[in-house]
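Reader: I have a chain in front of me and would like to learn how to read it step by step. Could we go through it together with a few questions?

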Amino acid sequence: MHHHELDGFPQGFLWGAASAAYQAEGAWNVDGKGPSIWDGFCKQPGRTFQGSNGDVAVDHYHRFREDIALMAEMGLKAYRFSVSWPRLYPDGRGPLNEAGLAFYEKLIDTLRAHDIEPILTLYHWDLPQALQDDYGGWESRRIVADFERYCVTLFRRLAGKVRFWVSLNEQNYNLTNAYQLGTHPPGVRNRKRFFQANHHAFLANAGAIAAFRDLVPDGLIGPSFAYSPAYPASPDPRDMLAFENAEEFTNHWWLDTYCLGRYPGAALAYLRKTGEAPEILPGDRDLLAQGRPDFIGINYYQTLTYADNPPDGETMRGINTTGEKGTTPASGVPGLYKTRPNPHVETTNWDWAIDPTGLRLGLRRLSSRYGLPILITENGLGEFDRLERGDLIHDDYRIAYLKDHIAACREAITDGVDLLGYCVWSFTDILSWLNGYQKRYGLVYVDRDERDPKDLRRIRKDSYFWYQKIIKDNGGNI
């Protein structure tokens, strides 16, 4: 669609930024917090870039007031953060650690005092290590009850303070790495276990949303999905079928289950034939049907392009974690699909396709298929930022990226998409999981590297001041 005139962003649009507990807080064993699966995994040799970990991260736990003051100066309307489950329940269940919950109450009260809307993510990958040790974490149905108990604690204590809630963050990306690629904890490579762990996560998500309905009647909740809309590599019918396979297995498998309460039929039939389908017990479908969200949260970074993959073809491969451009291998599932570079888009140093039109296309696909509002819970550019003399960081490349993607959001709104808000990933530089601290996403520079926390000084980048103007004008100057 080519529009003669674009609609504006709605009043009350949530211009935000985001972070996650393990990547930002640090204080990994402070005030009664228990260990998460990432606290141990990052210390295993060879798991992360230069052995980086989140023990200190960017010390948001102790510096949240300073960070929120920078948010208020920017004019930020919303801040998305996650709660660390083992900070509240060191053993995953049992007695509540009041000191851990008090931190989040202080964080939320400080945001509210500055008229910043808190968007609370219940789970952003930091499972209590005790539950992994006890029963295998997401591989056991026992986690459904434990997750609901943890969520209900937060619903009861924070219902009057938090309106927007994200249930699970990037279940698809996290569990793919955890149970197919072996690059996230617990480091498994087994598709049968992957689909079963996902089934339990779906049940946990639905159970939490069902409890939310009773305890937070004025709130809105939805999962956050790592969304990479699929393209076919060519109009060859074989590539078109691979594209459909990829959409079904990498997008619809999660989104249909979240939003429609059922698995996509062709994918489920295929997995039953291969023996990889999850065990679905009586009552599971009823519970999934109770989990329809109020909105779809999407974390958008790139599109992916797919081609036919024969039964003896490409297998799944890990991502580029070094920032050495052009080192990402082809990846796929034999008999279903494999990835191919898209010659029509530029890529980042980590080989991620820079495709703002893909964001518009994806928003339209989701809006048409599910009929739900959408909240962009993450979008941003990870790059090598350089601190120059005079505390200057000229990140014009990030400004260009954000500008084009925000423009795509405005086009999608004009197309009829109900878009609630847009959260830049991330507010400050943070730990980029396997990529360490060299891959910087923040609007605010944090002076540290993989091995040395240095002084953790906060320095505004050029993109900070650019986004400040965007917020002030409600996107009108894009």
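**Strand 14 and its surroundings**

Author: We can begin with one pair of residues in this predicted model: Ile374 stands opposite Leu419, which belongs to strand 14. Ile374 comes from strand 13 (residues 374–379), and this strand pairs with strand 14 in the parallel sense over four bridges.

Reader: What is the handedness of the crossover by which the chain goes from strand 13 to strand 14?

Author: After leaving strand 13, the chain passes through helix 14 (residues 396–414) before it enters strand 14. This path is a β-α-β crossover, and its hand is right-handed.

Reader: Which residue of strand 14 is the bridge partner of Ala18?

Author: Strand 14 also pairs with strand 1 (residues 14–18), again in the parallel sense, and here there are five bridges. Within strand 14, the bridge partner of Ala18 is Trp425.

Reader: Is strand 14 largely enclosed or open, and how many of its residues are buried?

Author: A residue counts as buried when its relative accessible area is under 20%. Strand 14 covers residues 419–425, and it is largely enclosed by the rest of the structure, because the buried ones among its seven residues number six.

Reader: Which helix gives the largest share of the largest nonpolar core?

Author: In soluble globular proteins, nonpolar side chains tend to be buried together. Here the largest nonpolar core has 146 residues, and Tyr422 and Trp138 are among those with the most contacts inside it. The largest share of this core, twelve residues, comes from helix 9.

Reader: Which residue is joined to Trp425 by a cis peptide bond?

Author: The bond in question leads from Trp425 into the loop between strand 14 and strand 15. Its omega is near 5°, and the residue that follows Trp425 across this cis bond is Ser426.

Reader: What is the relative accessible area of Glu170, and is the residue buried or exposed?

Author: Glu170 sits in the loop between strand 4 and helix 8, and its phi is positive, about 45°, although Glu170 is not a glycine. Since buried means under 20%, Glu170 counts as buried, for its relative accessible area is 7%.

Reader: What is the radius of gyration of the chain?

Author: The chain as a whole comes to 15 helices and 16 strands. For 478 residues the globule rule gives 23 Å, and the value for this chain is close to that, so the chain is as compact as a globular protein of that length; its radius of gyration is 21 Å.

Key:
Residues are numbered from 1 along each chain as its sequence is written. This is a predicted model: local features need pLDDT of at least 70, side-chain atom pairs count only at pLDDT 80 or more; totals for chains, interfaces and linings use all residues. Side-chain values use heavy atoms; hydrogens and water are left out. Buried means under 20% relative accessible area, exposed over 50%, partly exposed in between (1.4 Å probe, protein chains only). Helices (H or I, at least four residues) and strands (E, at least two) are DSSP runs, numbered from the N terminus. Two strands pair if DSSP finds at least two bridges between them. A crossover is right-handed if, with the strands pointing away from the viewer, the path from the first strand over the helix to the second runs clockwise. The radius of gyration is taken over C-alpha atoms; the globule rule is 2.2 Å times the number of residues to the power 0.38. A nonpolar core is a set of buried Ala, Val, Leu, Ile, Met, Phe, Trp, Tyr and Cys residues joined through side-chain atoms within 4.5 Å.
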